[in-house]
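Here is a short briefing to read alongside the structure. Have the viewer open, and follow the topics in whatever order suits you.

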Amino acid sequence: MATTTARALQPLLPLFLLHILLLSSASEEFPRDGRVIELDDSSFEAALGAIDYLFVDFYAPWCGHCKRLAPELEEAAPVLAGLSEPIIVAKVNADKYRKIGSKYGVDGFPTLMLFIHGVPIEYTGSRKADSLIRNLNKFVAPDVSILESDAAIKSFVENAGTSFPMFIGFGVNESLIADHGGKYKKRAWFAVAKDFSEDLMVTYDFDKVPALVSLHPKYKEQSVFYGPFEGSFLEDFVRQSLLPLTVPINTETLKMLDDDDRKVVLAILEDDSDENSSQLVKVLRSAANANRDLVFGYVGVKQWDEFVETFDISKSSQLPKLIVWDRNEEYEVVEGSERLEEGDQASQISQFLEGYRAGRTTKKKVSGPSFMGFLNSLVSLNSLYILIAVIALLGVMMYFAGQDDTPQVRRAHEE
């Protein structure tokens, strides 16, 4: 019987060996030393099959943004290739190899995609080298890491860095964390500690289990959730802890607020970097910890005057000032608490919150664009500049077309 089977399989042996050789040659064909590899229509599919994590820049040679991105990719590529889960950086001239671009929905340049075992995920984050490394490392990490010792916990925290919040479950059932690890994979690190010492309990300031510790290394914040772990309680804690207790309002954090449905208690300051403002932010942090149904943020006129002006703040306004913003077109001023005076600011913030919850407020409209309008305006201004430049270019082309019958180059028109 065995002899018969062997004879039947013998004709297939050369095909099997050829398949092994093709796989081997495919994996060796693409360098893994941190260089950015150039792919075309003959090598792209082979690269997808040979490389588990492939980060692809779909570019056009005439694209200015693509040219500025190139050195960032060159800087990030060696670091990404050296990760525990190596990410290989590649680029494709999608203006030349249009079938590849069309297959993956490339409709602008540059378009960045991370292929995980051949499955594409569009990357829309920051294109700076350090941000690329940080964000892509998060993409390929497991949804939930299992930590078996104090050393493993320490290593996890150090490797995670400071850009994303962390949630570490001590004595928490892994299944309770798994759903959130998948849902918020792009926004936070998740881990479950299986074994840990009492010293670690002191380090992370919890005295019983199960406990879920939330860490914001960038803002030096941490908090503990003891449950209940059923129903929406765990979901609420995780969702609310994705943001720091006090959020510095800027273009990056403004986009983060889009995923949060809470209203914002906004402190408007002269300069959010001076000593008085730093002390006020500490007081706000205490208030935020006791009022998790609200987001607490702060912004300085010196740092972002265009944004602050939408709340009718001028050079003559008395600051600091507190308002409650719905993140859209309206905000509320609490009667009798329009301005924070020097002195016991903690009591003044408590009175402000009490007045807000009692409904002693005056509603006002923002004088500029709404929340989404403001975000879109950041894009629209760039689009407007590009449109003006294109119109000017077309005008020049039309002028010279009238002077010369030479056909215009198609690439210039596309650009």
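The notes below go through confidence, aromatic rings, one helix, one buried valine and some backbone details.

This is a predicted model, with an average pLDDT of 82 for the protein. A search of the whole structure finds 22 aromatic pairs, and two of them are described here along with a cluster of phenylalanines.

**Confidence**

- Of the residues, 82% score a pLDDT of at least 70.
- Residues 377–385 stay under 50 in pLDDT, and the model gives this stretch 1 contact beyond four places in sequence.
- Residues 403–415 also stay under 50, here with 9 contacts beyond four places in sequence.

**Aromatic rings**

- Tyr104 and Phe115 make an edge-to-face pair, with 5.1 Å from centre to centre and 85° between the planes.
- That pair links distant parts of the chain, 11 residues apart: Tyr104 sits in the loop between α5 (98–103) and β4 (111–116), and Phe115 belongs to strand β4. Both Tyr104 and Phe115 are buried.
- How are the rings of Phe167 and Phe237 arranged? Their centres are 6.4 Å apart and their planes are at 80°, which is over 60°, so this pair is edge-to-face.
- Phe167 lies in strand β7 (residues 166–170) and Phe237 in helix α10 (residues 233–241), so the pair joins distant parts of the chain, 70 residues apart.
- Phe167 counts as buried at 0% relative accessibility, and Phe237 is buried too, with a relative accessible area of 9%.
- One aromatic cluster is formed by Phe167, Phe190, Phe225, Phe229 and Phe237.
- Two lysines lie over tyrosine faces: Lys91 over Tyr59, at 5.8 Å from the ring centre, and Lys208 over Tyr226, at 5.0 Å from the ring centre.

**Val238 in helix α10**

- Val238 is found in helix α10 and counts as buried because its relative accessibility is 1%.
- Leaving aside residues up to four places away in sequence, Val238 touches Phe167, His180, Tyr184, Phe190 and Leu212.
- Val238 and His180 are 58 residues apart in sequence, while their C-alpha atoms are 7.9 Å apart in space.

**Helix α14**

- Helix α14 (residues 345–357) has 13 residues, which should span 18 Å at 1.5 Å a residue; its end C-alpha atoms are 18 Å apart, in agreement.
- Which residues of α14 are buried? They are Gln345, Gln348, Ile349, Phe352, Leu353, Gly355 and Tyr356.
- Viewed down the axis of α14, these buried residues fall within an arc of 160°, so they line one face of the helix.
- The buried residues of α14 pack against β12 (264–269), α12 (275–290), β13 (295–300), β14 (321–325), β15 (330–334) and β16 (361–365).
- Gly359 follows α14 and has a positive phi, near 85°.

**Backbone details**

- Most residues other than glycine have a negative phi, and most peptide bonds are trans.
- Phe109 and Pro110 are joined by a cis peptide bond, with omega about -10°; Pro110 is in the loop between α5 and β4.
- Another cis peptide bond joins Leu319 and Pro320, with omega about 5°; Pro320 is in the loop between α13 (305–308) and β14.
- His117, in the loop between β4 and β5 (119–123), has a positive phi near 50° and counts as exposed at 53% relative accessibility.
- Arg327, in the loop between β14 and β15, has a positive phi of about 70° although it is not a glycine, and counts as buried at 15% relative accessibility.

Key
Residues numbered from 1 in each chain as written. Predicted model: local features only at pLDDT ≥ 70, side-chain atom pairs only at ≥ 80, totals over all residues. Heavy atoms only, no water. Phe/Tyr/Trp six-rings, centres within 6.5 Å; stacked < 30°, edge-to-face > 60°. Helix = DSSP H or I, 4+ residues; strand = E, 2+ residues; numbered from the N terminus. Buried < 20%, exposed > 50% of the residue type's maximum accessible area, 1.4 Å probe, protein only. Lys NZ or Arg CZ within 6 Å of the ring centre and 35° of its normal. Expected span 1.5 Å × (residues − 1). Arc of directions from axis to C-beta. Contact = heavy atoms within 4.5 Å. pLDDT = per-residue confidence, 0-100.
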